[in-house]
Amino acid sequence: MEPANFVLLLWTALVLYCFGQIWFVQIVVYPLFRMVGERDYVTYHHFYASHIPLPVILPGFSCFLFPLALIFWGPQAIPAWVYWLNVAAGLVGLAVTLFLEIPRHALLEKHGKDFQVIGELIRYNWPRTASISLQALLAAVMLTYIVTPVS
């Protein structure tokens, strides 16, 4: 297998993992934040935050930044616009994470349960969910360029 194709397959595995994860977070995990009692909320959120680095944070930030590597090491058969759209989607996810989601998680961890903050967390996560979904779709598009015979 060509190294560039391996890089693309690695990207595809990563983005599909993040695709499943972000939808699970959007539909299940964040809404469950509303179900935890106020008395236990800070402890719950601290437990949540301390257990997500390996399964959530590391893959998530990799998903936001890996598209830059594809530009340099991905298959040459893929049009540049696909790579750049993938980078743009990753930057949207990164910006949402840094400027909207992390500050809200910090508020929940510090002050406890706040329905308004939880609502914002859910609402502001939609652009990140959309950006990762677009990246997963683009990975499928990219794969077609390496499996479709050149005529």
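**Reading a five-helix model**

Modeller: Let's begin with a pair of helices: helix 1 passes helix 3 in a left-handed crossing. Keep in mind that this is a predicted model.

Colleague: At what angle do the axes of helix 1 and helix 3 cross?

Modeller: The angle is roughly 145°, and the two axes come within 9 Å. Helix 3 covers residues 53-73, while helix 1 runs over 3-32.

Colleague: Which residues of helix 1 and helix 3 meet there?

Modeller: Try following one helix at a time. From helix 1, the contact includes Ala4, Val7, Leu8, Trp11 and Leu14. From helix 3, Pro55, Val56, Pro59, Phe66 and Trp73 are among the residues they meet. Sorted by type, the residues of this contact are 17 nonpolar, 3 polar and no charged.

Colleague: Let me step back. How many helices and strands does the protein have?

Modeller: There are 5 helices and 0 strands, so the pattern along the sequence reads α-α-α-α-α. The C-alpha atoms fill a box of roughly 65 × 25 × 20 Å along the principal axes. Of the 151 residues, 43% count as buried. Contacts tell you about the fold too: among those with a separation of 6 or more, 80% are between residues 24 or more positions apart.

Colleague: Which residues of helix 2 are buried?

Modeller: In helix 2, residues 41-51, they are Tyr41, His45 and Tyr48. These three cover an arc of only 60° around the axis, so they sit on the same side of helix 2. The general idea is worth remembering: an α-helix has 3.6 residues a turn, so residues three or four places apart point the same way.

Colleague: Which helices do the buried residues of helix 2 pack against?

Modeller: They pack against helix 1, helix 4 (80-111) and helix 5 (115-147).

Colleague: Now the rings. How many aromatic pairs are there?

Modeller: The count comes to 9 aromatic pairs. To read one, look at the distance between the ring centres and the angle between the planes; over 60 degrees counts as edge-to-face. Phenylalanine 33 and tyrosine 41 are 6.3 Å apart, centre to centre, with 85° between the planes, so this pair is edge-to-face. Both of these residues are buried.

Colleague: Why is the pair of tyrosine 41 and tyrosine 44 tilted?

Modeller: Their planes are at 50°, with the centres 6.1 Å apart, so the pair is tilted. Tyrosine 41 and tyrosine 44 are 3 residues apart in helix 2, which means a separation of about one helical turn.

Colleague: Is each of those two buried or partly exposed?

Modeller: Tyrosine 41 counts as buried because its relative accessibility is 0%. Tyrosine 44 has a relative accessible area of 26%, so it is partly exposed. Zoom out a little and you will find that ring pairs link Tyr30, Phe33, Tyr41, Tyr44 and Tyr48 into a cluster.

Colleague: How exposed are isoleucine 27 and valine 28?

Modeller: Isoleucine 27 is found in helix 1, and valine 28 lies in helix 1 too. Exposed means over 50% relative accessible area. Isoleucine 27, at 51%, is therefore exposed, whereas valine 28, at 30%, is partly exposed.

Colleague: How far apart in space are isoleucine 27 and proline 75?

Modeller: They are 34 Å apart, C-alpha to C-alpha, and 48 residues apart in sequence. For another pair to find on the model, try valine 28 and tyrosine 17: 11 residues apart in sequence and 16 Å apart in space, C-alpha to C-alpha.

Technical notes
Residues numbered from 1 in each chain as written. Predicted model: local features only at pLDDT ≥ 70, side-chain atom pairs only at ≥ 80, totals over all residues. Heavy atoms only, no water. Buried < 20%, exposed > 50% of the residue type's maximum accessible area, 1.4 Å probe, protein only. Helix = DSSP H or I, 4+ residues; strand = E, 2+ residues; numbered from the N terminus. Arc of directions from axis to C-beta. Contact = heavy atoms within 4.5 Å. Phe/Tyr/Trp six-rings, centres within 6.5 Å; stacked < 30°, edge-to-face > 60°. Axes fitted to C-alpha atoms, helices over the stretch in contact; angles between N-to-C directions. Left-handed = near helix turned anticlockwise from the far one by under 90°. Nonpolar A, V, L, I, M, F, W, Y, C, P; charged D, E, K, R; others polar.
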